[in-house]
Amino acid sequence: MRVTILTIGSRGDVQPYIALGLGLQACGHQVRLASMAPFEKFVSSYGLEFFSLGSVSQEFTKRYQQEASRQKIAFNGFRGRYRLWKMFGSSLQNLMNSCMNACQNTEAIIYSQLILSGYHIAEKLGVPGYASHVTPQGKTSTFAHPFYTSNIDNIGIYNWLTHFCEEQYRWRFTSNYINRWRQQTLELPPISFVGFQPRNQPQMPVLYCYSPSVVPKPSDWSEWSYVTGYWFLDSPSIWQPPQDLVDFLESGEPPIYIGFSSSNNHTQRTIESAVRTLAKTGQRFILLTGKNRLENTDLPDKVFRVDSVPFDWLFPKVSGVIHHGGAGTMAAALRAGVPSLTIPYGTDQPFWGKRAAKLGVGLPPISPTKLAVDKLAAAIRTMNTDESMKARACALKEKIRSEDGVKKAVEIFHQYLPS
């Protein structure tokens with residue numbers, strides 16, 4: 001069967017779908033993964049067919065980062081999400097056309113949370129469609145929508161309201177584009193929505209690619225919503241670590257990892273604050289700089305700097321992880337069984353940071369605006385000395401490793417295929 005996977009976003013939004021694609025390919029399916037052009041080499045290196053969705057989503061991501069930096073907001077909460085969807089709607093038309101082109105001759109479609117055209121393309125082509133999410137997206141009173149996390153998100157009515165508002169904002173700023181596209185391009189009738197739920201929509205399976213041991217399925221979700229377990233993608237077997245990194249790891253006690261997702265002004269300042277902290281602690285660190293500019297920064301001898309390294313290889317060798325709280329990095333830390341401290345900037349990062357703290361496998365998140373050298377140093381000492389936290393992280397690791405999210409997702413995929 002020819003299967004097309006549609007996903008856009010950061011590396012963390014693409015990597016799980018490579019793992020799923022490999023699982024489907026192992027079952028004999030022909031898999032095409034469609035995403036942003038910069039991911040072509042990454043996807044193709046695993047033997048999957050790649051289809052470029054062009055530069056539309058890249059342009060939106062650039063606008064998002066520029067606006068977030070200029071306004072000093074992260075597009076979270078009621079006001080932030082309103083502005084986000086208002087900005088996203090104008091980028092939708094070309095993206096929908098690119099997704100349609102990617103799905104030519106396909107027999108099934110799997111699409112991620114920002115691919116709003118997936119349902120409509122499946123309807124037009126008359127093929128099975130599967131929605132999928134890396135974060136909890138369905139309406140529930142159990143927890144707030146990941147992009148609305150606040151100090152009052154333990155109240156049921158507030159939790160449900162955040163999911164409802166997210167649907168309303170999304171539909172308000174995309175409905176005109178979607179219905180015009182349905183009529184003019186797909187030659188389908190316009191669709192009437194209640195919130196973002198199409199009337200008379202058949203039951204479409206929804207796959208959530210995180211562990212039920214981390215976020216259990218809420219009791220008020222539909223029976224066709226599935227929390228499968230993480231879709232982990234291991235680094236290629238041919239990858240070899242640099243020898244100087246191996247030597248550093250073997251020369252003393254396990255270090256703490258510090259790294260963040262992107263090179264915007266906020267992460268740059270956070271890394272600079274972290275560097276000031278390192279000299280005070282006497283702790284060994286591995287500092288992931290990525291695209292952040294630290295060429296002229298003098299680092300203590302106990303700090304090893306790397307530009308990139310596979311988390312599935314590195315994290316089991318460290319004693320703790322300090323990161324932004326993205327879903328992919330958090331999943332890798334939980335799988336490795338090491339405590340986390342998150343310094344979240346926005347999107348779903350506060351949600352995962354608070355979740356790790358609630359499970360007792362991480363410290364409460366620290367806002368970048370409230371990050372101080374003494375506070376970070378104290379958190380690092382706690383990560384090194386809290387044996388009960390380490391034990392809980394190790395126990396959760398065993399639960400996560402006992403799950404096979406890709407296998408479960410593939411089974412559900414087959415379950416919903418036409419006879």
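These are my notes on two helices in a predicted model, plus a few totals for the chain.

**Whole chain.** I started with the overall counts. The protein chain has 15 helices and 15 strands. I then checked burial: 54% of the 419 residues count as buried. For contacts between residues at least 6 apart in sequence, I found that 62% join residues at least 24 apart. The accessible surface is about 18,800 Å², and carbon and sulfur atoms make up 49% of that.

**Helix α14.** Next I looked at α14, residues 387-402. Its 16 residues reach 23 Å from first C-alpha to last, close to the 22 Å expected at 1.5 Å a residue. Which residues of α14 are buried? I get M389, A393, L396, K397 and I400. These cover an arc of only 115° around the axis, so they sit on the same side of α14. I noted the lysine, K397, in that buried set. The spacing fits what I know of helices: with 3.6 residues a turn, residues three or four places apart point the same way. On the other side of α14, E387 and S402 are exposed. I also looked up what covers the buried residues, and the cover includes α11 (327-336) and β15 (362-363).

**Helix α8.** I did the same for α8, residues 243-250. Here L245, V246, F248 and L249 are buried. Their arc is only 160° around the axis, which means they lie on the same side of α8. What do the buried residues of α8 pack against? I find β11 (285-288), β12 (303-306) and α10 (311-314). The face turned away from the buried side carries Q243 and E250, both exposed.

How values were computed: Residues are numbered from 1 along each chain as its sequence is written. This is a predicted model: local features need pLDDT of at least 70, side-chain atom pairs count only at pLDDT 80 or more; totals for chains, interfaces and linings use all residues. Side-chain values use heavy atoms; hydrogens and water are left out. Helices (H or I, at least four residues) and strands (E, at least two) are DSSP runs, numbered from the N terminus. The expected span of a helix is 1.5 Å times one less than its number of residues. Buried means under 20% relative accessible area, exposed over 50%, partly exposed in between (1.4 Å probe, protein chains only). The arc is that of the directions from the helix axis to the C-beta atoms. Contact means heavy atoms within 4.5 Å. Accessible areas come from the Shrake-Rupley method with a 1.4 Å probe; for residues, only the protein chains shown count as cover.
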